[in-house]
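Biologist: I've got a fold on my screen and I'd like to walk through it with you. Can you pull it up so we can talk it over?

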Amino acid sequence: TVIVESGMIKGKIEVTAELVIKSGTFTKEIELVSKTATVAGPAGLNVTTNIADHKVVYENGVYSVVAKIYVAEVNGVKYESIQAAVDAAQSGDTIVILKDHEIVWNGNTFIDGTMAAMVVVANNTVTIDLNGFDLTVDANKMTQDLYAVFAADENGHLTLMDSIGGGSVTATGVAYAKSGTTAYCFMMAYEPGTSLTVESGEYTM
């Protein structure tokens, strides 16, 4: 275990085991170079890793390395959220779901800039293929009004389908009532010129 009590570290630090930071200034990144490496210290440090298919998480005052969990794929590239795949997709692309998982709001996906939605397609035309997998949404976990699970906004066109069969999306819970309403919808084509098409799959709320 290496302990930093104070001072300024001007070079890059590579951590293979355990680093404890009690105080100090770091001008360059701290890189976790093994899967078991950790850094105990304050939030806001520039802690990274170059280990393939892994990322750094910060929990309970400790930075550690965890495996990425890929849930969607587009053009051979895998993503950790459906929205990330939507944002990377080109017009006409199909986003393929890779596993059963819960769709969690990322904190910055909105319809018309103000209304929260789980997945938003804007200025693009994409298809989401459930690929036989089951997705869930729990509105009780929202900290802001949820207006839609899937939404098309600003010339967005979204098609939902299930090429394998047996795939589903199930939404439960009551949307956060910050504005005094608990109503939300499963799918929304918000503006003129947008569209949301369901070709196959099972959708329940």
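Biologist: Let's start with β20: how many bridges join β20 to strand β23?

Modeller: Keep in mind that this is a predicted model. β20 covers residues 157–161, and β23 covers residues 195–198. The two run parallel. One spot to look at is Leu158, whose bridge partner in β23 is Leu196. The number of bridges joining β20 to β23 is four.

Biologist: Is β20 mostly covered or uncovered?

Modeller: Here a residue counts as buried when its relative accessible area is under 20%. In β20, four of the five residues are buried. So by that cut-off, β20 is mostly covered.

Biologist: And which residue in β20 stands opposite Asp129?

Modeller: Go to β17, residues 125–129. β17 and β20 pair in the parallel sense, over five bridges. Follow β17 to Asp129, and opposite it in β20 you'll find Met161.

Biologist: In what sense do β13 and β17 pair?

Modeller: Strands of a sheet pair through backbone hydrogen bonds, and that can be parallel or antiparallel. Between β13 and β17 there are three bridges, and Thr94 stands opposite Thr127 in β17. The sense of the β13 and β17 pairing is parallel.

Biologist: Which residues make up the covered face of β13?

Modeller: In a regular strand the side chains alternate between the two faces of the sheet. β13 spans residues 94–97, and Thr94 and Val96 sit on its uncovered face. That leaves the covered face, made up of Ile95 and Ile97.

Biologist: What is the bridge partner of Glu73 in β13?

Modeller: Glu73 takes us to β11, residues 72–74. Two bridges join β11 to β13, and these strands run antiparallel. In β13, the bridge partner of Glu73 is Val96.

Biologist: Now the open sheet: which strands stand at its edges?

Modeller: Five strands form this sheet, in the order β1-β4-β7-β10-β9, with mixed pairing. An edge strand here has a single partner, so one side of it is left without a neighbour in the sheet. From one strand to the next, the twist averages 25°. The strands at the edges are β1 and β9.

Biologist: What is the bridge partner of Glu59 in β10?

Modeller: β9 (54–59) pairs with β10 (residues 62–67) in the antiparallel sense, over six bridges. Find Glu59, then look across to β10. Its bridge partner there is Val62.

Biologist: Where is Asp53 found?

Modeller: Most residues other than glycine have a negative phi. Asp53 has a positive one, near 60°. It is partly exposed, with a relative accessible area of 45%. As for its place, Asp53 is in the loop between β8 and β9.

Biologist: What is the relative accessibility of Asn131?

Modeller: Asn131 also isn't a glycine, and its phi is positive, about 60°. You'll find Asn131 in the loop between β17 and β18. Buried means under 20%, so Asn131 falls outside that class. Asn131 counts as partly exposed, at 21%.

Biologist: Let's zoom out: what percentage of the residues of the protein count as buried?

Modeller: The protein has one helix and 24 strands. Its C-alpha trace spans about 60 × 40 × 30 Å along the principal axes. Of its 205 residues, the share that counts as buried is 38%.

Terms used:
Residues are numbered from 1 along each chain as its sequence is written. This is a predicted model: local features need pLDDT of at least 70, side-chain atom pairs count only at pLDDT 80 or more; totals for chains, interfaces and linings use all residues. Side-chain values use heavy atoms; hydrogens and water are left out. Buried means under 20% relative accessible area, exposed over 50%, partly exposed in between (1.4 Å probe, protein chains only). Two strands pair if DSSP finds at least two bridges between them. Axes are lines fitted to C-alpha atoms, for helices over the stretch in contact, and angles run from 0 to 180 degrees between N-to-C directions.
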